[in-house]
Amino acid sequence: VTEDGIASAPFEAAARLGAIVQASQDAMISATPDGIIETWNPGAEVLFGYRESEIVGKSLDLLVPGDRKHELRAKLNNAIQGKILKVETVRLHKDGTPIDVTSTASPILAANGAVTSLSVTMEDIRERKGREAQVMLLNRELAHRVKNSLAVIQSIASQTLRSTPAPEDFRIAFQGRLQALAAANDLLIQTNWQGSALSDFVSRQLAPLMPRAPRKLVKTGPVVRLPPDFLIPIGLVLHELGTNAVKYGAWSTETGQVHVTWSIERSGDDRHLVLTWAESGGPVVIPSSRKGFGTTIIERGIPNATLLLT
């Protein structure tokens, strides 16, 4: 302090720096060139769980997992040489929990240029790492879904061409099936590939086939959430059943109704979804000797599925 009571510039700068260190949410530590902790701010206490009184005087090794000791050695060596080292790494909480951090170490120099201490700042990046892991998981899931969708489209095209060789009939059938596939995929994306409530799913898949009365849909069943792998095959099956109902069944008349019911049956530790499609008020059903696309999807696309026609 000067004679007139005014703080000198170096003192002001040191006080300002000290206030920043104390207020920082990041861990800010100083250590000797050989890694002995000298200072420990409140941010470090929050991040690592050690109080200043129990960590000062101990080695930075205490915070470093065994397989990352080489990082600390490199950091100390760089600091001694006057270099700054910044790495994304893992450090240990007092209770042994690993913590993802960005660690920046820089040398503190004396007036003569000699390295007197090491300044280490560590930022908690667990939240960011979690987001990155989630994005990677979703990207892998998306790639898997796209690959599967392309295989399904190829199968749809092949099956549709086999049953409807006339160009216009093929276009109509193929377009409808692609729309059903797209609706199921849209729902997968909206739910982050977590599946869907069966009741909502039935309504969404059949909505394009019943734009107005008198096409009526009655749904009955307990709350069931379909796993993501089942949405596309069951969505395609519902589309086929709905299309048949429009062309030949209950929805081809003004009084017809479609009843979709479901239940869960238990057999030991196993659970089975029983999904029933029933029509009323429509023309007399004439059994077909030809296996349709819906039957093919049930037999080949839904694991462990069985089909019962009555």
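## A three-strand sheet and its packing

In this predicted model, strands S7, S9 and S10 make an open sheet in the order S7-S9-S10, with mixed pairing. Strand S7 (216-220) and strand S10 (270-280) are the edges: each has a single partner strand, so one side of each is left without a neighbour in the sheet. From one strand to the next, the twist averages 15°. Strands and helices here are DSSP runs (E, at least two residues; H or I, at least four), numbered from the N terminus, and two strands pair if DSSP finds at least two bridges between them.

S7 and S9 run parallel and are joined by five bridges. Thr220 has Thr261 in S9 as its bridge partner.

Now for the helices. Contact means heavy atoms within 4.5 Å; angles run from 0 to 180 degrees between N-to-C directions, with axes fitted to C-alpha atoms, for helices over the stretch in contact.

| Helix | Strands touched | Angle |
|---|---|---|
| H7 | S7, S9 and S10 | about 165° to S7 |
| H8 | S9 and S10 | about 15° with S10 |

The largest nonpolar core has 32 residues, and Leu206 and Trp277 are among those with the most contacts inside it. Such a core joins buried Ala, Val, Leu, Ile, Met, Phe, Trp, Tyr and Cys residues through side-chain atoms within 4.5 Å; buried means under 20% relative accessible area (1.4 Å probe, protein chains only). Helix H8 (228-247) and strand S9 (257-267) are among its contributors, and H8 gives the most, with seven residues.

Residues are numbered from 1 along each chain. Local features need pLDDT of at least 70, side-chain atom pairs count only at pLDDT 80 or more, and totals for chains, interfaces and linings use all residues, while side-chain values use heavy atoms, without hydrogens and water.

Notes: Buried < 20%, exposed > 50% of the residue type's maximum accessible area, 1.4 Å probe, protein only.
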